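Me: I am new to this structure and would like to go through it step by step. Could you show it to me, so that I can put my questions one at a time?

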Amino acid sequence: MSAVTFRLEPLRREDLARCAELETILFPGDDPWRESAFQAELDAGHHYVGAYVETVGLVGYAGISVLGGPGNAEANVHTIGVDPGWQGKGVGKALLRALLARADAVAAPVYLEVRTDNAAAIGLYEAHGFTRIGMRRRYYWPSGADAYTMARPARVAEEAT
C-alpha cells in the first residue's frame, strides 16, 4: 500500500466551487455552504487551508477565525471537510492541526460545533484536546440535528507540539 501524499496550502479562490461541491456531498441533509459563503470567509480575512493531491486537486478544506490578539484572542473552527474518498487517510487530522497552529500562534482558546452523531469527528477533536462544553439543540438546518459545542484551552505554540 503506497503512502497518501497531499500538501496543505492556503485555500485558493479558484477552488471555492469544489468546496461548495464537497459541502453538498458531505452535508446532504443540511444547508451546505455555497461558493459565495466561502468567498465571504476569505474576504473577511479568515484563515482557510486546502488539502491538495497532485493528480486530483482539492480533497479537503478547513477554516478558522481568530479574533483578538495575543493574550486576548479567541478562535472558532468554521468548517472542516474531506472528500469521502480521502477520509481516514490523515487529511482531516492535518487540516485540524493547521488550524490549531494558527490559534496557538496567538495562544487562543478554540471553539467549534460538531454534530452529535459524527463519532469520527468527535474522536478527532477529543484526541486534539477538545472537550464537550455544551449542546446546541437543532443547530443544523434543515435536518434539526443537534451539535455539541467543544472547546480546547489556549496553548502557546511550543506546548502544541
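Reply: Before we begin, one term is needed: an axis here is a line fitted to C-alpha atoms, for a helix over the stretch in contact, and angles run from 0 to 180 degrees between N-to-C directions. Please also keep in mind that this is a predicted model.

Me: At what angle do the axes of helix H1 and H2 cross?
Reply: Helix H1 covers residues 16-26, and its axis comes within 8 Å of the axis of H2. The crossing of these two helices is right-handed. The axes cross at roughly 125 degrees.

Me: Are H1 and H2 parallel or oblique to each other?
Reply: The crossing angle is roughly 125 degrees. Angles over 145 degrees would count as roughly antiparallel and those from 65 to 115 as roughly perpendicular, while the rest, apart from those under 35, count as oblique. H1 and H2 are therefore oblique.

Me: How many nonpolar residues does the contact of H1 with H2 have?
Reply: On the H1 side the contact involves Leu16, Ala17, Cys19, Ala20 and Glu23, which meet Glu35, Phe38, Gln39 and Leu42 in H2. Sorted by class, the contact has one polar and two charged residues, and the number of nonpolar residues is six.

Me: Which strands are the edge strands of the sheet?
Reply: The sheet is open and is formed by seven strands in the order S1-S2-S3-S4-S5-S7-S6, with mixed pairing. An edge strand pairs on one side only, and that description fits strand S1 (7-10) and strand S6 (131-136).

Me: Which strands does helix H2 touch where it packs on the sheet?
Reply: Helix H2, made of residues 35-43, runs in a direction that makes about 120 degrees with that of S2. The strands that H2 touches as it packs on the sheet are strand S2 (47-53), strand S3 (57-67) and strand S4 (74-82).

Me: Which residue in S7 stands opposite Thr131?
Reply: S6 and strand S7, the latter covering residues 147-152, run antiparallel and are joined by five bridges. Within S7, the residue that stands opposite Thr131 is Ala151.

Me: Which residue in S5 is the bridge partner of Asn76?
Reply: S4 and S5 pair in the parallel sense, and their pairing rests on two bridges. For Asn76, the bridge partner in S5 is Tyr111.

Me: Along strand S5, which side chains point to one face and are buried?
Reply: In a regular strand the side chains alternate between the two faces of the sheet. Strand S5 (residues 110-115) shows this alternation, with Tyr111, Glu113 and Arg115 pointing to one face and not buried. The side chains that point to the other face and are buried belong to Val110, Leu112 and Val114.

Me: What is the relative accessible area of Val110?
Reply: Val110 lies in strand S5, and its contacts beyond four places in sequence include Ile64, Val77, Phe130 and Met150. Residues under 20% relative accessible area count as buried. Val110 is buried, because its relative accessible area is 0%.

Me: Is Thr79 buried or exposed?
Reply: Thr79 is found in strand S4. Leaving aside neighbours within four places in sequence, Thr79 is in contact with residues including Glu23, Trp33, Phe38 and Leu99. With a relative accessible area of 8%, Thr79 is buried.

Me: What is the relative accessibility of Ala154?
Reply: Ala154 lies in the loop between S7 and helix H5 (157-160). Ala154 is 82 residues from Asn72 in sequence, yet the two are 10 Å apart in space, C-alpha to C-alpha. Ala154 counts as partly exposed, because its relative accessibility is 39%.

Technical notes. Residues are numbered from 1 along each chain as its sequence is written. This is a predicted model: local features need pLDDT of at least 70, side-chain atom pairs count only at pLDDT 80 or more; totals for chains, interfaces and linings use all residues. Side-chain values use heavy atoms; hydrogens and water are left out. Two strands pair if DSSP finds at least two bridges between them. Helices (H or I, at least four residues) and strands (E, at least two) are DSSP runs, numbered from the N terminus. Contact means heavy atoms within 4.5 Å. Buried means under 20% relative accessible area, exposed over 50%, partly exposed in between (1.4 Å probe, protein chains only). A crossing is left-handed if the near helix is turned anticlockwise from the far one by less than a right angle, and right-handed if clockwise. Ala, Val, Leu, Ile, Met, Phe, Trp, Tyr, Cys and Pro count as nonpolar, Asp, Glu, Lys and Arg as charged, and the others, Gly among them, as polar.
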